[in-house]
Every structure is written in C-alpha cells, then in structure tokens.
Amino acid sequence: MKILVATDKPFAQAATAAIEEVVTTSGCELQLLEKYATKDKLIQAVGNADALIVRSDRIDAEVMDAAPRLKVIARAGAGYDNIDLEAATSHGICVMNTPGQNANAVAELALGLMVMAVRNMYNGTSGTELKGKRLGIHAYGNVGRNVARIAQGFGMETYAYDAYCPKDIIEKDGTKALDSVEELYRTCHVVSLHIPLTPETRQSIGRNLVGLMPQGALLVNTARKEVIDEEALISLMEERKDLKYVTDIAPDANNDFVQMFAGRYFATPKKMGAQTAEANTNAGIAAARQVVDYLLHGIDKYRVNR
Ligand code: 3PG
C-alpha cells in the first residue's frame, strides 16, 4: 500500500524520518511530495496513493477524483478546514486529524506574539508586561489549555469562553470560565483566538467583539485568518489607536494592515504555529500510525467525517 505525504510546507527532517520509519515498518511504501507549489503536481502524485498525509494542503473533490485508490486522508494537525469533508464522504474516503499533537507549539507561539506586541514589536521603546494582565482564551481546546498553562507562568489571570467545553474542565486549570463571549472580550486586556474555522466562525471576530475590549487591548490570532472580519477590524483599529493585532498568517488585507498600523500590527510570513521539530514529529508520527491502522486494521478513532 502506498502512503503519500504531501506537504507544501515541509515537516522538519526529523519528522519525515520518523514517519518513514512507521510506514516502512508496517510494510507500506512512502512517497514524499514537498513544496509542490502547484495543484497539478499534487494531482499527479495522488494517482496511486492508498493514503494521504497532509498539513494545511487544500484537498478538494478534484484531488480526490484523481485518486481512485485513496481510502484515508490524515491531516497531521488539528484544523481540517482545508479538506472537503463532504467530497471525502461521497468518495468513500475516511478523514482524520491528530488532535493535540501540535498544541504546545501553537500555544508557545501565541505567548511569543503577546510578548512581542506588549514590547512594541521590539522597536526599542518602553513597553508593558503580561504579568497581572487578564488573558481571554477564546475556545478552550488543546491549544487553549496550553495557552492557559503557559500564561499562568507569566503571572497572567486566565479567563476562557467555550460554548462546548464544560465549565468545571476549564476551572480545574485555574482558568475562570465566563458565560458569554461578549463578557470575555469586555473583561480581558489580551484575547487569544483558538476557535476552528467553520461556517459559524468565519468572519465572526470584528467590531462586535474586539470593540468591547478595554483600552490598550491586544488581539492574538493563531487560529485562522478567515475568522477575522478584516474590514471591521481595520475600521476599528483606525478609530482606536490603542488596539494591537498580531497574527500567525497574514490576512488577505495584509498590506492595508502593514501600511496603516505600523507598530500595532504584526503577521508571521507563513503560518508557523505548528512549525517546530517537536510538533512536526508528534503530528507526523500520529498521522502515519493512524493511516497504517486504518489501512491494515480499519481503525478510525480520529475520523472527522461520516
Ligand atoms: C493546525 O490546524 O494543526 C495548525 O494550524 C497547524 O497547521 P500547519 O500544519 O499547516 O502548520
């Protein structure tokens, strides 16, 4: 059986070696396609694949049509908004993610971006500290929990809102669970986004919520650029000179943000929350084991489509 690892943004070398070990030990064959840049190359490569391991690579019906043997796709990571689940189900393909495997890496970057922002993007001027500030964690999944743990080490007070996570789970971590998303934004100096991209969350963060934040507020986005209502955020930041926005992956309106909000805005050049050797290895090995277990034993524990 052929397992294709197709990553336009390659894993660390150590992760690729670890994936290869899992795949070859199982008796399967590994095919590697990195930095492929064009969809045509991906379409060519999937032609004889039984399984596909990807990161944020976009896998749509056209790719699946070109992969008649494909039985399983593992998204080595948490968010699977890059995979057309309906198309996968209609093609009889199982889709899985690897929850939690890269959560610490993303959480560390979120705190790193916070430090950078409160120190005025390291421009040499006097900044502020995170200690004693109220941090709002918007969605308390694997990344949100790690953000709480690290932020508490900085001496931040942690608050969270998550419509799906029971309050007692949040509060056992020493994080205060709030009753509404509005209360989270109204209460906190810093809000860190950890919501998935879904039809409900698309463009859901704008003036409606960020406008509620107190003076000197900071919004940190290591989730997805699409959850931001960019027009609304731009107009709010024009009005409120105290607001800062830092994000892991440039929004579509990146140039507008860069030109208009120097010193109050920063975006990583490429999504790099999960871009560490450790996260790549954890997520890569988990994905490889999951596809092997599915191909050889039909195990579909982390399936996300039905
Ligand atoms: C995820 O959803 O797991 C993260 O956003 C990481 O995405 P990446 O694998 O493209 O870095």
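**Group meeting: the ligand shell and an aromatic cluster**

So, let's start with the ligand: sorted by class, its shell has five charged residues, four polar ones and two nonpolar ones. Before I go on, keep in mind that this is a predicted model.

Who's in that shell? Going along the chain, the ligand is surrounded by Lys 9, Arg 55, Ser 56, Arg 75, Gly 77, Ala 78, Gly 79, Asn 102, Arg 224, Lys 271 and Ala 274.

Three of those names come with distances I'd like you to look at. Take Arg 55: one of its polar side-chain atoms sits 2.9 Å from a ligand oxygen. Then there's Arg 224, where an N or O atom of the side chain is 2.8 Å from an oxygen atom of the ligand. And for Lys 271, an N or O atom in the side chain comes to 2.7 Å from a ligand oxygen. How much of the ligand's accessible area does the protein cover? On its own the ligand has 320 Å², and the protein covers 94% of that.

Okay, on to the aromatics. The count here is four aromatic pairs. One of them is Tyr 245 with Tyr 265, a tilted pair, with 6.0 Å from centre to centre and 35° between the planes. What I like about this one is where the partners come from: Tyr 245 is in strand β11, residues 244-247, while Tyr 265 is in strand β12, residues 265-267, so the pair links distant parts of the chain, 20 residues apart.

Are those two tyrosines buried or exposed? Tyr 245 has a relative accessible area of just 1%, so it's buried. Tyr 265 comes in at 8%, and the cut-off for buried is under 20%, so Tyr 265 is buried too.

Next pair: Phe 257 and Phe 261. Their ring centres are 5.9 Å apart and the planes meet at 55°, which is why this pair also goes down as tilted. Both Phe 257 and Phe 261 are buried. Put the four rings together, Tyr 245, Phe 257, Phe 261 and Tyr 265, and you have one aromatic cluster.

Last bit, zooming out to the whole chain. The secondary structure adds up to 12 helices and 12 strands. Along the principal axes, the C-alpha atoms fill a box of roughly 55 × 40 × 35 Å. For 306 residues you'd expect a compact globule to have a radius of gyration near 19 Å, and the chain has 20 Å, so that agrees. And of those 306 residues, 52% count as buried.

That's my bit, happy to take questions.

Technical notes
Residues numbered from 1 in each chain as written. Predicted model: local features only at pLDDT ≥ 70, side-chain atom pairs only at ≥ 80, totals over all residues. Heavy atoms only, no water. Phe/Tyr/Trp six-rings, centres within 6.5 Å; stacked < 30°, edge-to-face > 60°. Helix = DSSP H or I, 4+ residues; strand = E, 2+ residues; numbered from the N terminus. Buried < 20%, exposed > 50% of the residue type's maximum accessible area, 1.4 Å probe, protein only. Near = heavy atom within 4 Å. Polar contact = N/O pair within 3.5 Å; in protein donor to acceptor, adjacent residues only side chain to side chain. Areas by Shrake-Rupley, 256 points an atom, 1.4 Å probe, with all protein chains shown as cover. Nonpolar A, V, L, I, M, F, W, Y, C, P; charged D, E, K, R; others polar. Rg over C-alpha atoms; globule rule 2.2 N^0.38 Å.
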